[in-house]
Amino acid sequence: MTLTLDNRSQNKESSLTQALRQIQQLNSKIAVLEQQHQDYMQKQQSLIAAIAEICVSPIQEVQALRILIYRGEAACRQYLRSVLVKQRKNS
């Protein structure tokens, strides 16, 4: 009887230890995701500032934002470079 109780206690302990380890792993993953989100937000904010600075018309700004939303950061940066090239050619 004592052996059975000891086994049950050990099983409960190992289950709790395993649950604690899983919680710690999830917390680590959450911390990584939060950092990635912060990095993403900083990039987006700097890109939006660049859009406001580079684009000379509201239509260009809207186009840049649409590209950012639907095609991503790289495509938006490419569009902004093309806007800068056109501006240099026109001046």
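**Chatting about helix α3**

Colleague: Why does Arg77 count as partly exposed?
Modeller: Because Arg77 has 32% relative accessibility; under 20% is buried, over 50% exposed, and partly exposed lies in between (1.4 Å probe, protein chains only).

Colleague: What kind of model is this?
Modeller: A predicted one: local features need pLDDT (confidence per residue, 0 to 100) of at least 70, side-chain atom pairs need 80 or more, and totals for chains, interfaces and linings use all residues. Numbering runs from 1 along each chain as its sequence is written, and side-chain values use heavy atoms, without hydrogens and water.

Colleague: How does the chain score?
Modeller: Its average pLDDT is 89, and 87% of the residues reach at least 70. Among the elements, α2 has the highest mean, 95, and α1 the lowest, 86.

Colleague: Back to Arg77, what does its side chain meet?
Modeller: Glu73, in a salt bridge (3.0 Å, N to O). The term means a Lys or Arg side-chain nitrogen within 4 Å of an Asp or Glu carboxyl oxygen. The structure holds one.

Colleague: How far apart are Glu73 and Arg77 in helix α3?
Modeller: Four residues, so about one helical turn separates Glu73 from Arg77. Glu73 is partly exposed too, at 25% relative accessibility.

Colleague: Which residues of α3 are buried?
Modeller: Ala75, Cys76, Tyr79, Leu80 and Val83. On the other side of α3, Ala74, Gln78, Arg81, Arg88 and Lys89 are exposed.

Colleague: How many residues does α3 have, and how far does it reach?
Modeller: α3 (helices are DSSP H or I runs of at least four residues) has 18 residues and reaches 26 Å from its first C-alpha to its last.

Terms used. Helices (H or I, at least four residues) and strands (E, at least two) are DSSP runs, numbered from the N terminus. The expected span of a helix is 1.5 Å times one less than its number of residues.
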